[in-house]
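Reader: Hi! Could you walk me through this protein?
Author: Happy to, here it is.
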Amino acid sequence: MASMMAFKLSPFSSSVPPTPAHSSISFSSNKFFLPMKLSSRRPTFPRIYAFSSNDIKVGSNIEVDGTPWKVIEFLHVKPGKGAAYVRTTLRNHLTGNSVEKTFRAGSKIEQAEISKETKQFTYKDGPQYVFMDLTSYEEVRLNESDMGDKTKWLKEGMDCILLFWKGKVIDFELPIQVKVTVVEVDPGLKGDTAQGGTKPATVETGAVVNVPLFVERGQVIVVDTRTGQYL
């Protein structure tokens, strides 16, 4: 059609002057995003606390030659000449044996990763002692040879703490104090109380405890399981 005309549009609107060639700025109606600047900082992680001989205290669990030990006694020694050191008495969690060992002051020591769980002693099945988790009702069995002399204070229904190392039970802890009934004892004599003497008494678990002279058969006494002494 003769009335139709063709127009060639300029890349810039007549109302917006073209950008000078030397300018680095350009205009666009499209959305754009600025490139993100990645941080060069390295990720941070919590520091792992290094255990050394200076941190040793009574009750610490350490690993020596691949075996878990419990610190029974320790003493920091700083001689007039020579390097300082730490003298310790350790008890083997696996065998119960105790040894004396010396560490150089400040030397690194590997801690034994020991976890504790409360279990209830339920009954004895032949040579095995059965403990139960009261939440999951899962049973844990310990052989009589692994129990040591702690069995003389063990009573059914008693809550104990089992120690686990690398997925297996290595030891257990009794309550510090237990109540036991005296089943056999010699009768005391009049005037014995004033003298403050003691006599042996057999309790329900089979253990023998030195008790005051006034204690009689059938009485309930309190005993310290760590020392076996009457309280």
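Author: What follows is a short chat about the fold, a pocket and a lysine. This is a predicted model, where local features need pLDDT of at least 70, side-chain atom pairs count only at pLDDT 80 or more, and totals for chains, interfaces and linings use all residues. Residues are numbered from 1 along each chain as its sequence is written, and side-chain values use heavy atoms, with hydrogens and water left out.

Reader: Cool! How many helices and strands does the protein have?
Author: The protein has one helix and 15 strands. Those are DSSP runs, numbered from the N terminus: helices are H or I with at least four residues, strands E with at least two.

Reader: And what share of the residues is buried?
Author: Of the 231 residues, 29% are buried, meaning under 20% relative accessible area with a 1.4 Å probe, protein chains only.

Reader: New topic: which residues contact the side chain of Lys 199?
Author: Lys 199 sits in strand β12, residues 198-203. A polar atom of its side chain lies 2.6 Å from the backbone oxygen of Asp 186 and 2.8 Å from the backbone oxygen of Leu 213.

Reader: Is Lys 199 buried or exposed?
Author: Lys 199 is buried, with a relative accessible area of 7%.

Reader: Which strand gives the most to the lining of the largest pocket?
Author: That is β10, with five residues. The whole lining divides into 13 nonpolar, 10 polar and nine charged residues. Here Ala, Val, Leu, Ile, Met, Phe, Trp, Tyr, Cys and Pro count as nonpolar, Asp, Glu, Lys and Arg as charged, and the others, Gly among them, as polar.

Definitions and conventions
Buried < 20%, exposed > 50% of the residue type's maximum accessible area, 1.4 Å probe, protein only. Polar contact = N/O pair within 3.5 Å; in protein donor to acceptor, adjacent residues only side chain to side chain.
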